[in-house]
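Thanks, everyone. Let's look at how two domains meet. Here is the model.

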Amino acid sequence: MHRTVRAAASEEALAHRFHDTRRLSCALAAPLSDADATVQSMPDASPAKWHLAHTSWFFEAFILRDVAGYEPFDPSYAYLFNSYYESEGARQPRPLRGMLTRPSLDRVLDYRRHVDAAMEAVLQTPSPRQAELAELGVNHEQQHQELMLTDLLHLFAQNPLHPAYAAPEHRLDGVPEPLDWVAFDGGIVRAGHEGDGFAFDCEAPAHDALLAPYALADRPVTNAEWRSFIDDGGYRRPELWLSDGWTWVQAEGAEAPLYWTPAAEKGRWLRFGLDGLHPIEPAAAVTHINYYEADAYARWAGARLPTEAEWEHAGSGLTPDAGHFLDDAGPVRPRATGPGDGLRDMFGNVWEWTGSAYLPYPGFAPAEGAVGEYNGKFMCGQFVLKGGSCATPRGHARASYRNFFYPHQRWQFTGLRLAKSL
């Protein structure tokens with residue numbers, strides 16, 4: 001199960017967490033028109049309206065339908081808003097979610113209120129199983145909050161008017177702090193989740209990992225550094241790229257991170273973000289790069305990507321909530337890493353690619369029933385990212401957290417931190 005290893009949170013704390021999470025989803029959707037919330041820009045993305053409804057269907061399908069007296073808001077929503085749960089039956093094809101002009105955004109918000117009222121009654125005196133599933137549902141919705149923002153960014157990027165989702169924040173110019181290295185001795189270390197707190201099933205079981213001595217860069221790679229990679233012909237040098245990566249470069253005509261566009265002034269770049277179109281900020285962490293790009297940059301820089309176990313070992317003693325995360329609706333973009341000692345911005349800001357395939361840990365077993373489809377069946381052909389991003393809700397990330405995407409995907413807030421062997 002996407003388990004709570006400790007006893008479930010107190011009923012009051014769980015209800016409060018449920019309410020805050022549901023409120024934030026609606027706040028993120030507040031600036032949107034019905035058209036904004038309906039359109040689907042590519043098969044990997046989903047309309048905002050679909051995210052709002054799917055996260056409600058999750059509570060309805062796995063908790064509320066077993067509650068005596070509960071009446072589904074609309075029985076057809078089981079087909080419209082199931083994502084990939086084969087055991088839950090047929091569903092709207094993923095690439096066609098943007099065809100759902102009905103129900104309207106207002107109707108979906110009514111659906112959310114219907115589910116919320118029923119869940120609030122359940123959470124007054126939940127059974128242990130209901131509490132466990134409710135906590136899973138809250139964490140599931142937090143994942144969709146980030147997806148909703150990144151999917152909206154991809155949608156707005158297709159519009160030649162460059163619409164802004166939210167007003168721009170104060171911009172930070174300047175040059176990056178010099179990159180430094182933090183060394184680790186290696187040895188036998190613990191990896192995976194153990195102890196108190198919620199964890200998804202793919203984070204367990206905890207196990208031993210053997211690490212050789214290594215070092216991590218003290219901060220993520222910046223836009224200025226990535227521009228040097230571009231200027232040195234990084235996207236035109238096949239010796240820097242994995243074979244599949246070079247095939248991707250050639251097929252896509254890639255020459256910069258996603259959402260970068262050349263400015264009128266030669267050698268300068270603009271980037272499109274949730275706050276509109278602006279010059280890139282040299283000291284901010286580079287983002288919207290895929291695994292192939294991260295691997296090629298690391299090779300160009302004379303380094304490599306960290307393994308998942310190296311990253312987790314280095315981050316296990318840090319405080320996740322100190323990072324740059326999503327706190328409320330508003331502009332969302334990576335920031336520049338400030339001065340300091342040791343590892344900085346390990347959590348939040350940008351997801352950091354690792355060189356590790358997303359595979360089961362020794363002894364992994366998915367949960368029984370439909371929720372067992374959440375993570376385990378995707379353990380093929382994807383790579384692990386760590387740390388969270390500026391679009392990840394605060395409180396959602398931890399050192400053992402395993403995000404995963406295919407190596408060609410880059411519409412998420414994905415960046416990199418360099419590693420090297422000692």
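How many residue pairs are in polar contact between domain 1 and domain 2? The count is 14 residue pairs, both residues at pLDDT 80 or more. A polar contact here is a pair of N or O atoms within 3.5 Å; within protein, one must be able to donate a hydrogen and the other to accept it, and residues adjacent in sequence count only if both atoms are side-chain atoms.

Ground rules. This is a predicted model: local features need pLDDT of at least 70, side-chain atom pairs count only at pLDDT 80 or more, and totals for chains, interfaces and linings use all residues. Numbering runs from 1 along each chain as its sequence is written, and side-chain values use heavy atoms, with hydrogens and water left out.

Now the layout. Domain 1 spans 1–158 and domain 2 spans 181–421; these bounds come from an automatic or database domain assignment. Contact (heavy atoms within 4.5 Å) takes 37 residues from domain 1 and 39 from domain 2.

Next, area. The two domains bury about 3400 Å² between them, 62% of it on carbon and sulfur atoms. That is accessible area, with a 1.4 Å probe, lost on putting the two parts together and summed over both.

Who supplies the domain 1 side? Helices H1 (11–29), H2 (48–62) and H5 (128–157) each give at least two residues. H5 has the largest share, 18 residues. Helices are DSSP runs of H or I, at least four residues, numbered from the N terminus.

Salt bridges between the domains? Zero. The criterion is a side-chain nitrogen of Lys or Arg within 4 Å of a carboxyl oxygen of Asp or Glu.
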